[in-house]
Amino acid sequence: CHYQDGNHKANARFEIVKLILEDAGVNPERVAIEWVSGAEGPRFAEKVAEFTDRVKALGPNTSRVKE
């Protein structure tokens, strides 16, 4: 992606996904985008752990709770 414009397209799509989630009643904090190179294994693991912690802190997704 960084050799062309794929990262810009991905970021634009990501913003649309957040709007769609919010419209559906899902907290847009449940989705994330990060730029990590294939040579950054430890950074990738760190970002995944941070995102996992963030989603856990948000708790269950209540937008799909059945009565």
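Okay, one term before we start: buried means under 20% relative accessible area, exposed means over 50%, and partly exposed is whatever falls in between. Keep that in your head, and keep in mind that what's on the screen is a predicted model.

So take K9. Its relative accessible area is 43%, so K9 goes down as partly exposed. Its partner is D5: the two side chains meet in a salt bridge, 4.0 Å from N to O. And D5 lands in the partly exposed class too, because its relative accessible area is 39%.

Let me back up and give you the overall layout. The protein chain has two helices and zero strands. There are 67 residues in the chain, and buried ones make up 6% of them. If you look at contacts with a separation of 6 or more, 39% of those are between residues 24 or more positions apart.

Back to charges. How many salt bridges does a search of the whole structure find? The search turns up six. I've shown you K9 with D5. Another one is E40 with R43, whose side chains meet at 3.8 Å, N to O. E40 has a relative accessible area of 29%, so E40 is partly exposed. R43 is at 29% relative accessibility, and therefore R43 counts as partly exposed as well.

The one I'd spend a minute on is E34 with K47, where the closest N and O atoms are 4.0 Å apart. That pair ties together distant parts of the chain: E34 sits in the loop between α1 and α2, K47 sits in helix α2, and they're 13 residues apart. E34 is partly exposed, because its relative accessible area comes out at 42%. And there's a third member here, since E34, K47 and E50 are linked in a network of salt bridges.

Now, those three names come back when we look at pockets. Which residues line the largest pocket? The lining is A32, I33, E34, V36, F44, K47, V48, E50, F51 and R54. So E34, K47 and E50 from the network are all in that list. By class, the lining divides into six nonpolar residues, no polar ones and four charged ones. The volume is about 220 Å³.

Next, R30, which is the odd one for me. R30 is in the loop between α1, residues 6-23, and α2. Is R30 buried or exposed? R30 is buried, and yet R30 has no salt bridge. The nearest side chain of opposite charge is E29, and that's 9.8 Å away. A salt bridge needs the side-chain nitrogen within 4 Å of a carboxyl oxygen, so keep that cut-off beside the 9.8 Å to E29. What does R30 touch, then, not counting residues up to four places away in sequence? F51, V55, L58, G59, P60 and N61. F51, by the way, is also in the pocket lining.

That list takes us to N61, which lies in the segment after α2, with the helix running over 41-58. N61 is at 31% relative accessibility, so we call N61 partly exposed. Leaving aside neighbours within four places in sequence, N61 is in contact with V26 and R30. Look at V26 there: N61 and V26 are 35 residues apart in sequence, but 7.0 Å apart in space, C-alpha to C-alpha.

Okay, that's my tour. Happy to rotate the model if anyone wants another look.

How values were computed
Residues numbered from 1 in each chain as written. Predicted model: local features only at pLDDT ≥ 70, side-chain atom pairs only at ≥ 80, totals over all residues. Heavy atoms only, no water. Helix = DSSP H or I, 4+ residues; strand = E, 2+ residues; numbered from the N terminus. Buried < 20%, exposed > 50% of the residue type's maximum accessible area, 1.4 Å probe, protein only. Contact = heavy atoms within 4.5 Å. 1 Å grid on protein atoms, 1.4 Å probe; cavity = no way out; pocket = protein on both sides within 12 Å on 5 of 7 lines; lining within 4 Å. Points joined across faces, edges and corners; volume = space filled by probe spheres on them. Nonpolar A, V, L, I, M, F, W, Y, C, P; charged D, E, K, R; others polar. Lys, Arg positive; Asp, Glu negative; His and termini not counted.
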